[in-house]
Amino acid sequence: MRNKLIASAMFLLLAFTCAQAAQITGDYVETRSADIYTGPCFANSEVGLVGDQAILAWHVKDGAWQGENLNGLAVVAAVKANSTLGDPFGNPYPAKAVLIVDQRANAAQRQALIEFARHMGGRMLMHIEKVVSAPINMQVLHEAEHHGRAVVRAGNFATIETRGLSDKYHLCGNEETYYPPLTETAHSMPAVAVTDHYDGPSLGVIWTVHDKRSAFVGTFAQ
């Protein structure tokens, strides 16, 4: 028992130290065109057919990147890959991406948001086809009664609405978080994408998906 208490204390201390060391923190929302909370039967029916589209959204609550204060600003990436993102047996790269940058950002902040998204997105965001500015409204509700709820609106280009999972989404009884988030998070939970919509330039595809177990809601710390 004593060893368990010591281990728990060390874990909390490490988490606190990492949080203190982070230079930028905030909320994160992600949607995919494949279920991420699912069982193998459903996942196997989708892999290679869908899951090649994604939206990733970051809202900075506190911090800076490349010396620029980004408090309150947001950036959204829409991605079209070559195959199912997260499939260990597939190769989704190179992927195409469009970045939507908060229109409130000045020129220096805009560039910092672009570089931050590139850092977080890694290979997914190596090929950015276009960068556009738009008003971004992103809200993640952290209260227990709003578990898994978030809203992202990036101009007329992208919309995400999520809600928490309920028993009705346990369709085959062996569901799990089948795919991890596409980028590093401090914390994340699977959620239902009530709306997952992209209607923008340069990807060669637009989409609108409703009521799919294909979202993550969480936080980031870098």
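## Salt bridges

In this predicted model, a network of salt bridges links Asp 35, Glu 46, Lys 212 and Arg 213. The structure holds eight salt bridges.

Three further pairs illustrate a range of settings. Arg 32 and Glu 30 meet through their side chains in a salt bridge with an N to O distance of 2.5 Å, and both residues are buried. In the salt bridge between Asp 102 and Arg 104, the closest N and O atoms are 2.8 Å apart. Asp 102 has a relative accessible area of 1% and is therefore buried, whereas Arg 104, at 54% relative accessibility, counts as exposed. Glu 161 and Arg 153 form a salt bridge at 3.3 Å, N to O. Here Glu 161 counts as partly exposed, at 27% relative accessibility, and Arg 153 is also partly exposed, with a relative accessible area of 38%.

## A buried aspartate without a salt bridge

Asp 87 is situated in the loop between β5 and β6. The residue is buried but has no salt bridge. Its nearest side chain of opposite charge belongs to Arg 32, at 9.8 Å; a salt bridge requires the nitrogen and the carboxyl oxygen to lie within 4 Å. Arg 32 itself is paired with Glu 30 in a salt bridge.

The surroundings of Asp 87 include a backbone partner: its side chain reaches the backbone nitrogen of Phe 89 at 3.1 Å. With residues up to four places away in sequence left out of the count, Asp 87 touches Val 47 and Tyr 179. Of these contacts, Tyr 179 counts as buried, at 5% relative accessibility.

## Aromatic pairs and cluster

Six aromatic pairs are present in the structure. In one of them, the ring centres of Phe 116 and Phe 220 are 5.4 Å apart and the planes stand at 45 degrees, so the pair is tilted. This pair links distant parts of the chain, since Phe 116 belongs to helix α3 and Phe 220 to strand β13 (residues 207–221), with their positions 104 residues apart. Phe 116 is buried, with a relative accessible area of 0%, and Phe 220 also counts as buried, at 2% relative accessibility.

The rings of Tyr 178 and Tyr 179 have their centres 5.1 Å apart and their planes at 80 degrees, so this pair is edge-to-face. Tyr 178 counts as partly exposed, at 32% relative accessibility, while Tyr 179 counts as buried, at 5%. One aromatic cluster is formed by Tyr 28, Trp 58, Trp 65, Phe 116 and Phe 220.

## Nonpolar cores

The largest nonpolar core contains 30 residues, of which Trp 58 and Leu 125 touch the most other members. Two or more residues are contributed by each of β1 (24–32), β3 (53–65), β5 (74–80), β6 (96–102) and α3 (107–121). The largest share, six residues, comes from α3. Trp 58 is thus a member of this core and of the aromatic cluster.

Apart from this core lies another, of 26 residues. Among its members are Ile 100, Val 132, Tyr 198 and Val 217.

Notes. Residues are numbered from 1 along each chain as its sequence is written. This is a predicted model: local features need pLDDT of at least 70, side-chain atom pairs count only at pLDDT 80 or more; totals for chains, interfaces and linings use all residues. Side-chain values use heavy atoms; hydrogens and water are left out. A nonpolar core is a set of buried Ala, Val, Leu, Ile, Met, Phe, Trp, Tyr and Cys residues joined through side-chain atoms within 4.5 Å. Buried means under 20% relative accessible area, exposed over 50%, partly exposed in between (1.4 Å probe, protein chains only). Helices (H or I, at least four residues) and strands (E, at least two) are DSSP runs, numbered from the N terminus. Lys and Arg count as positive and Asp and Glu as negative; His and the chain ends are not counted. A polar contact is a pair of N or O atoms within 3.5 Å; within protein, one must be able to donate a hydrogen and the other to accept it, and residues adjacent in sequence count only if both atoms are side-chain atoms. Contact means heavy atoms within 4.5 Å. Rings of Phe, Tyr and Trp (its six-membered ring) pair if their centres lie within 6.5 Å; planes under 30 degrees apart count as stacked, over 60 as edge-to-face and the rest as tilted.
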